Amino acid sequence: MTNPPRPRRVVVLVSGAGSTLRAVLEAAREDAYGARVVGVVTDKDGIGALDIARECGVPTAVVRLADFESRALWDEAIARTIATFDPEIVLLAGFMRLLGEPSLERFGGRILNTHPALLPAYPGAHGVRDALAGGAKVTGCTVIVVDAGVDTGPIVAQAAVEVLDDDTEPTLHERIKEVERVLVTATLGRLAREGWTVSGRTVRIGAANPTTEESS
Ligand code: GRF
């Protein structure tokens, strides 16, 4: 009898309420999911996501920019902190800062981000607001492999959400988040179980081991 594959070690970075984190933690209760959350790292104290992590018994670390003399020192510290959990995959789930060179050097190609718009439309911190202001009739969410740009990395998965005439930023974001939780958990599970390759802008799930060098 062969042993089932070991679940991939995932560190989740968060800055907010943590509903996406909660969805991933719930999915990861099943061994067959293929991923387990080994640590949660935040750039803020007192956020809902930290309570959720603690409730679920997941180790946490807070790395606040204000505690460092420079952005460069914070960049080093957050990369070091993530590394202490020895992750195979790093998931940014509502993490509202850009990761710098130190994290990209260590975990490049293995960092995923979820964004509440259909990239490449409406990148940046206000994807929902910008889609509304732009008069979009359909928006949604996108999972990308993080690169050095702002929401510019290769696209892994997307899901669409209709914009309603009376939508406000909160109502639209709430509907996007419902869809996003499903997209993120399903995508993370597939990537963890099947691996992936990136060729130029094209991400293909499957036929690769996430820990090999040519693939992520
Ligand atoms: C998601 O829409 C994510 O894309 C955005 O912030 C939201 C995270 O919400 N950047 P939560 O903290 O997981 O509830």
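# Exercises on a loop and a ligand site

Tyr-122 belongs to the loop that runs between β5 and α5. The model used in these exercises is predicted.

**Exercise 1.** Describe the backbone of the loop between β5 and α5 at Tyr-122 and Pro-120.

*Solution.* Step 1: start with Tyr-122, whose phi is near 55°, a positive value in a residue other than glycine. Step 2: go to Pro-120, which is also found in the loop between β5 and α5. The peptide bond between Leu-119 and Pro-120 is cis, with omega about 10°. Step 3: set both against the general pattern. Most residues other than glycine have a negative phi, and most peptide bonds are trans.

**Exercise 2.** Find where the ligand sits, and list the residues that come nearest.

*Solution.* Step 1: look for the largest pocket, since the ligand sits there. Step 2: take the 13 residues around the ligand; Ser-19, Thr-20, His-173, Lys-177 and Glu-180 come nearest. Step 3: sort the shell by type, which gives three nonpolar, eight polar and two charged residues.

**Exercise 3.** Which polar atoms of Gly-18, His-173 and Lys-177 lie by an oxygen atom of the ligand?

*Solution.* Step 1: in Gly-18 a polar backbone atom is 2.8 Å from a ligand oxygen. Step 2: in His-173 a side-chain N or O atom is 2.7 Å from a ligand oxygen. Step 3: in Lys-177 a polar side-chain atom is 2.7 Å from a ligand oxygen. Step 4: turn to the cover. On its own the ligand has 370 Å² of accessible area, and the protein covers 91% of this.

**Exercise 4.** Work out why the ligand lies between domain 1 and domain 2.

*Solution.* Step 1: list the elements that each supply at least two shell residues: α1 (19–27), β5 (111–115) and α6 (169–194). The largest share, three residues, comes from α6. Step 2: turn to the domains. Domain 1 (1–107) and domain 2 (116–141 + 159–216) both give residues to the shell, so the ligand lies between them.

How values were computed. Residues are numbered from 1 along each chain as its sequence is written. This is a predicted model: local features need pLDDT of at least 70, side-chain atom pairs count only at pLDDT 80 or more; totals for chains, interfaces and linings use all residues. Side-chain values use heavy atoms; hydrogens and water are left out. A residue is near a molecule or strand if one of its heavy atoms lies within 4 Å of it. A polar contact is a pair of N or O atoms within 3.5 Å; within protein, one must be able to donate a hydrogen and the other to accept it, and residues adjacent in sequence count only if both atoms are side-chain atoms. Accessible areas come from the Shrake-Rupley method with a 1.4 Å probe; for residues, only the protein chains shown count as cover. On a 1 Å grid over the protein atoms alone, a cavity is a set of points where a 1.4 Å probe fits but cannot get out, and a pocket is an open set with protein on both sides within 12 Å along at least five of seven lines; lining residues have an atom within 4 Å of a point. A molecule sits in a cavity or pocket if more than half of its atoms lie within 2 Å of its grid points. Helices (H or I, at least four residues) and strands (E, at least two) are DSSP runs, numbered from the N terminus. Ala, Val, Leu, Ile, Met, Phe, Trp, Tyr, Cys and Pro count as nonpolar, Asp, Glu, Lys and Arg as charged, and the others, Gly among them, as polar. Domain bounds come from an automatic or database domain assignment.
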